[in-house]
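Student: I would like a close look at one part of this model, the empty space inside it and what surrounds that space. Please take it slowly and keep it plain.

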Amino acid sequence: MAHALPHDRLGSGRHAVLVVHNWFADRSSFAALHPWLDTTTFSYVFVDLRGYGQAVGHAGEYTVSEAAEDVLATADALELPEFSVIGHSMGGMIAQHVLLKAPNRLRCLVGISPVPASGVPLDEESWELFAAAAWNPQNRRAIIDMTSGNRLPEPWLEAAVRRSVERSDRNAFRRYLDSWAGTDIHERIAGTETPVLVCAGAHDKALPPEVMRKTWLRWYPNAELEVFADAGHYAPEEVPLAMVALMEGFLTRS
């Protein structure tokens, strides 16, 4: 059964925004954005999905569909009839499931290096790397390093891996992979007119701008793509000021 998720709520603005984290991290991965948010115009709700952060002990199926139901339950608990959704990576797939389940409630959708609605087909070698990451921190490090373009400082990589291991349940982490990589809803969302902003990092070796053009921009007629020249897969941490300026400019127009 869907239930409201642990969350931080920042701001008192009338435009509510639910924010969904990536596969490797809990809601703390957005902490670098917090000081720069417009908390007068917007009310941000940063959630922890089941198996992460304060929800690490929450049992569940650990699927993107279930996560979307929980996001909606959180909106209901906060009495938010209308809201926007921001999703990072896996969170971008979850945001699309929220859109699919409650299209009339979404003002707009922002995807940050977001998983496409078609999922992410992985070759055999990549699948072994990703699947074993649930139990092997070195695999997590290799993926984070690769997706950020093999260019970020060692201390940051170490901190990202440590946070990932400490703030996620290994079994939940592994089961989410099956769901976000293997779920395909693109035929069900194609043509949806909800305004969509897709943010991609030029150094992202997993979900680069080219993938966004072939998926998100093809399926959403009101989608626009912005590319961060100095970021990989982790724009909220790599370029937080640019991230806030871009997403709030889009949210204001929607």
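Student: How do the residues of the lining of the largest cavity divide into nonpolar, polar and charged?

Tutor: This is a predicted model, and what follows is computed from it. The lining of the largest cavity divides into 6 nonpolar residues, 1 polar residue and 2 charged residues. The names are Asn22, Phe24, Ala25, Ile144, Trp156, Ala160, Arg163, Tyr234 and Glu237. Helix α5, residues 154-166, gives the largest share of this lining, with 3 residues. As for volume, the largest cavity holds about 30 Å³. The search covered the whole structure and found 1 cavity of 30 Å³ or more.

The open space can be described in a similar way. The largest pocket contains about 250 Å³ of space, and 18 residues line it. Nearest its centre lie Phe130, Thr147, Trp180, Ala206 and Leu207. Two elements, α3 and α4, give two or more residues each to the lining of this pocket. Of the elements, α4 gives the most, with 3 residues. By class, the pocket lining has 12 nonpolar residues, 5 polar ones and 1 charged one.

Since α3 and α4 both take part in the pocket lining, their packing is the next thing to look at. In general, two packed helices are described by the angle between their axes and the distance between the axes. Helix α3 covers residues 124-132 and helix α4 covers residues 137-147. Their axes lie 7 Å apart and make an angle of about 120 degrees, and α3 and α4 are therefore oblique to each other. On the α3 side the contact is made by Glu128, Leu129, Phe130 and Ala132, and on the α4 side by Asn139, Ala142 and Ile143. The residues of this contact comprise 5 nonpolar, 1 polar and 1 charged. Phe130 thus appears twice: in the contact with α4, and among the residues nearest the centre of the largest pocket.

The remaining part of the picture is the sheet. It is open, has 7 strands with mixed pairing, and follows the order β1-β3-β2-β4-β5-β6-β7. At its edges stand β1 (7-10) and β7 (223-228); each has a single partner strand, so one side of each is left without a neighbour in the sheet. On average, neighbouring strands are turned by 15 degrees against each other, direction ignored. Within the sheet, strand β2 (residues 15-20) and strand β3 (residues 42-47) run parallel and are joined by 5 bridges. Val19 stands opposite Phe46 in β3. Helix α2, residues 90-101, packs on the sheet and touches β2, β4 (83-88) and β5 (106-112). The direction of α2 makes about 150 degrees with that of β4.

Definitions and conventions:
Residues numbered from 1 in each chain as written. Predicted model: local features only at pLDDT ≥ 70, side-chain atom pairs only at ≥ 80, totals over all residues. Heavy atoms only, no water. Axes fitted to C-alpha atoms, helices over the stretch in contact; angles between N-to-C directions. Helix = DSSP H or I, 4+ residues; strand = E, 2+ residues; numbered from the N terminus. Parallel < 35°, antiparallel > 145°, perpendicular 65-115°, else oblique. Contact = heavy atoms within 4.5 Å. Nonpolar A, V, L, I, M, F, W, Y, C, P; charged D, E, K, R; others polar. 1 Å grid on protein atoms, 1.4 Å probe; cavity = no way out; pocket = protein on both sides within 12 Å on 5 of 7 lines; lining within 4 Å. Points joined across faces, edges and corners; volume = space filled by probe spheres on them. Pairing = 2+ DSSP bridges.
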